[in-house]
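Trainee: Could you take me through one part of this model closely, namely a pair of packed helices, and then set that part beside the sheets and domains around it?

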Amino acid sequence: MTQASPLDDVRPQALVAGIGEWIAFETPPHDEPHLRALAELAAHQARQAGLRTEFIPLGEARLPLVRIVADSPSAQKAVLVLAHYDTVHPLGSLERNRPRIEGERMFGPGSYDMKAGAYLALQALAALYREAPPARPVELLLVPDEETGSRLSRATIEARGRDAAVALVAEPARSGGHCVTSRKGTGFVQVTAMGRPSHAGVEHAKGRSAIREIAHQALALEAMTDYAQGITFNVGRIEGGTNRNVVPERASLLADFRVVTSDQAERVLRLVGALAPVTEDVKLEVQAGLNRPPFERAPHVEALLRQAQRVALRSGFPLDEAPLTGGGSDGNFTAALGVPTLDGLGAEGDGAHTLHEHILVASLPQRLRFWHGLLRDLAWDASS
Ligand SMILES: [Zn+2]
């Protein structure tokens, strides 16, 4: 049974139109003018409901992180909602995955990851705020650089996370509508080898090949993959050398790794830090770090999950947990701070990061009811 709410008359067509408008603004990575255009639209929609908005310019490009606040008379810790409005899609993708409806599905770049989720969260917040100020503040952060690792947004997300009672992340729902309660941590390794150049024909023995060294290091890193423990290493880029007939002086690789726990992260970084050259007279330079700490399923997530499950049932669908996923999100930052975090609460669909990306139209009204109900429970009806 679903509970009556002021959103009961929201039709899929209205949501499709609203989300379609957001999709029509292409928001490729690090493209300030295009990002800003959607940021302005979102802020305008927030202000129409009386919500307070703030633009936080990030980095040299001044990418706008939009902070939308439902102020509360109380000084309780906030409900933090995280969403990103950048997409992986380069400019022109709109032509290649034209926004359209085919049967149950609405297509468009960034529809599923994650303009629909961001839009629904904002609409729910706006609807609630129009009625009354919340009993505890709610903050929605619209992040402009999540798809490139949130390098610029991280400090703001963590600062706002420290003031939050819970964090809700509007990333796409997983297959079957499941939410996310754990994610692997993501890291990088960059290795540069400096060898000794020589003429490949005349003085081959004098040379020390940086490419040969990097090949050894690539194999050493890939060998750290341990599927049983959930640890993966991927050497994703390799470059070096100048010409066929020159023993290469310089080569480098870039690898990605994923870990399940912070203990694993420490261990992996220790191993990577201990990488040593295999070839005599070759120097190695290693840089490594965690882009996103692991989002481990903490016991305090349980209560939040149960609450969300009750709201989901009232909204017309069951909410289960997805198994551990290798993909990171901004939820990794809040979870690692110890803030109870529930992720993957956005729209249902498929094809994230592809040109067949789409959302399921029929899921939109119930997802809006869900956001409305969950925010109301957590912030408007909050007793403590
Ligand atoms: Zn995303």
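Mentor: What follows begins with the helix pair and then turns to the domains and the strands. Please keep in mind throughout that this is a predicted model.

Two packed helices are described by the angle between their axes and the distance between the axes. For helix H8, which covers residues 301-315, and helix H10, which covers residues 364-380, the angle is about 135° and the axes are 9 Å apart. Angles over 145 degrees would count as roughly antiparallel and 65 to 115 as roughly perpendicular, and H8 and H10 are therefore oblique to each other. The crossing in which H8 passes H10 is right-handed. On the H8 side, the residues that take part are Gln 307, Ala 308, Val 311, Ala 312, Arg 314 and Ser 315, and they meet Gln 366, Arg 369, Phe 370, Gly 373, Leu 374 and Asp 377 of H10. Sorted by character, the residues of this contact comprise 5 nonpolar, 4 polar and 3 charged.

As for the domains, the domain assignment divides the protein into domain 1, made of 12-183 + 295-380, and domain 2, made of 185-292. A distance of 37 Å separates the C-alpha centres of domain 1 and domain 2, and where they touch, 7 residues of domain 1 are in contact with 8 residues of domain 2. On the side of domain 1 that touches domain 2, the residues divide into 2 nonpolar, 4 polar and 1 charged.

Turning to the sheets, one open sheet is formed by 4 strands in the order S4-S5-S16-S15, with antiparallel pairing. Its edge strands are S4 (100-102) and S15 (349-350), each of which pairs on one side only. Between S15 and strand S16 (residues 358-360) there are 2 bridges, again in the antiparallel sense, and Asp 350 stands opposite His 358 in S16. Helix H4, spanning residues 111-131, packs on this sheet, where it touches strand S5 (105-107), S15 and S16, and the direction of H4 makes about 50° with that of S16.

Elsewhere, strand S12 (residues 250-259) pairs with strand S8 (residues 185-194), and 10 bridges connect the two in the antiparallel sense; in this pairing Gly 187 stands opposite Phe 257 in S12. Strand S10 (residues 232-240) is also joined to S12, by 8 bridges and in an antiparallel run, with Glu 239 opposite Ser 252 in S12.

Technical notes: Residues are numbered from 1 along each chain as its sequence is written. This is a predicted model: local features need pLDDT of at least 70, side-chain atom pairs count only at pLDDT 80 or more; totals for chains, interfaces and linings use all residues. Axes are lines fitted to C-alpha atoms, for helices over the stretch in contact, and angles run from 0 to 180 degrees between N-to-C directions. Angles under 35 degrees count as roughly parallel, over 145 as roughly antiparallel, 65 to 115 as roughly perpendicular and the rest as oblique. A crossing is left-handed if the near helix is turned anticlockwise from the far one by less than a right angle, and right-handed if clockwise. Two residues are in contact if their C-beta atoms, placed from the backbone, lie within 7 Å. Ala, Val, Leu, Ile, Met, Phe, Trp, Tyr, Cys and Pro count as nonpolar, Asp, Glu, Lys and Arg as charged, and the others, Gly among them, as polar. Two strands pair if DSSP finds at least two bridges between them. Domain bounds come from an automatic or database domain assignment.
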